[in-house]
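User: I am new to this one and would like a short tour. Could you take me through it step by step?

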Amino acid sequence: SNRTFTMIKPDAVANGHIGAILEKINAAGFRIAALKMTRLSAEKAGEFYAVHKERPFYGELVEFMSSGHIVAAILEKDNAVEDFRKLIGATNPANAEPGTIRKLYAESVGRNAVHGSDSDENAEIEGSFFFSDLEKF
Ligand code: GTP
Ligand code: MG
């Protein structure tokens, strides 16, 4: 597929990095196919990250993701999922390559600035979590 899904997380929104992050996404050759600023309730955040429910950090993750506004987007580019995960860098910014979005803007492994889908299948599921068919077109 040529699509992936991203969120700019509450830390990066609160720190004023929305514009810089969208600029980097465009500069890397991604087209923004859908975009919205919104908030997740704790219940919705828990549903979005349900695959991690047995992990020790799940409670903290849900609390953080529902703590403020997020920006959700569907992005288009050849090889979108893999190329976007390269652009954002390692989950823990301490391990992220220089120039990646997480190296530049993340505070910690828990407050790591952006989400990127990990498969084509999840990109479709996650995009549909935030956007209607009309918005996704
Ligand atoms: P996402 O793009 O957000 O899915 O990150 P990822 O695919 O790089 O990592 P993963 O799916 O394994 O984990 C999901 C999210 O859980 C991460 O982005 C982190 O915000 C959070 N997380 C992962 N490991 C830890 C941890 O050890 N501590 C805390 N507090 N949060 C973690
Ligand atoms: Mg993940």
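User: Let us begin with β3. Is it mostly covered or mostly open?

Analyst: Strand β3 is mostly covered, as six of its eight residues are buried. Please keep in mind that this is a predicted model.

User: Which strands pair with β3, and in what sense?

Analyst: β1 runs antiparallel to β3, and six bridges join the two. Strand β2, residues 31-39, also pairs with β3 in the antiparallel sense, over eight bridges.

User: Which residues of β3 stand opposite I8 and A34?

Analyst: I8 stands opposite V71. The bridge partner of A34 in β3 is I74.

User: Now the interior. How many residues does the largest nonpolar core have?

Analyst: The largest nonpolar core has 30 residues. Those with the most contacts inside it are I8, I21, L75, F84, I101 and V114. The elements that give two or more residues to this core include β1 (3-8), α2 (18-27), β3 (69-76) and α5 (80-88). β3 gives the most, with six residues.

User: V114 is on that list. What is V114 in contact with, apart from its neighbours in sequence?

Analyst: Leaving aside neighbours within four places in sequence, V114 is in contact with T6, M7, I8, K9, A12, I21, I88, I101 and R102. Among these, I8, I21 and I101 are also on the list of core residues with the most contacts.

User: Changing topic: which residues are around ligand 1?

Analyst: The residues around ligand 1 are H52, F57, E60, L61, T91, V109, G110, N112, H115, G116 and D118. By type, they divide into three nonpolar, six polar and two charged. α4 and β4 each supply at least two residues of this shell.

User: What does UniProt say about H115?

Analyst: An unreviewed UniProt entry has the annotation "active site" covering H115. This residue is found in strand β4.

User: Why does H115 count as partly exposed?

Analyst: H115 has 19 other C-beta atoms within 10 Å, so it is partly exposed; a residue is buried if 20 or more lie within that distance. Leaving aside neighbours within four places in sequence, H115 is in contact with T6, M7 and K9.

User: And where does UniProt place the feature "binding site"?

Analyst: The unreviewed UniProt entry places "binding site" at K9, F57, R85, T91, R102 and N112. Of these, F57, T91 and N112 are among the residues around ligand 1.

User: Tell me about K9. Where does it lie, and is it buried or exposed?

Analyst: K9 lies in the loop between β1 and α1. It counts as buried because it has 26 C-beta neighbours inside 10 Å. Not counting residues up to four places away in sequence, K9 touches M65, I70, N112, A113, V114 and H115.

User: And N112, where is that found?

Analyst: N112 is found in the loop between α6 and β4. N112 is buried, with 23 other C-beta atoms within 10 Å. Beyond its neighbours within four places in sequence, N112 is in contact with K9, T91, P93, R102 and A106.

User: One last residue: is A106 buried or exposed?

Analyst: A106 is buried, because 27 other C-beta atoms lie within 10 Å. A106 is found in the loop between α6 and β4. Not counting residues up to four places away in sequence, A106 touches P93, R111, N112 and A113. The C-alpha atoms of A106 and R31 are separated by 23 Å, and these residues are 75 residues apart along the chain.

Methods:
Residues are numbered from 1 along each chain as its sequence is written. Chains are lettered from A and ligands numbered from 1 in the order in which they are written. This is a predicted model: local features need pLDDT of at least 70, side-chain atom pairs count only at pLDDT 80 or more; totals for chains, interfaces and linings use all residues. A nonpolar core is a set of buried Ala, Val, Leu, Ile, Met, Phe, Trp, Tyr and Cys residues joined through C-beta atoms within 7 Å. A residue is buried if 20 or more other C-beta atoms lie within 10 Å of its own, exposed if 12 or fewer, and partly exposed in between; C-beta atoms are placed from the backbone. Helices (H or I, at least four residues) and strands (E, at least two) are DSSP runs, numbered from the N terminus. Two residues are in contact if their C-beta atoms, placed from the backbone, lie within 7 Å. A residue is near a molecule or strand if its C-beta atom, placed from the backbone, lies within 6 Å of it. Ala, Val, Leu, Ile, Met, Phe, Trp, Tyr, Cys and Pro count as nonpolar, Asp, Glu, Lys and Arg as charged, and the others, Gly among them, as polar. Two strands pair if DSSP finds at least two bridges between them. UniProt positions are given in the numbering used here, feature names are shortened, and annotations may be inferred rather than shown by experiment.
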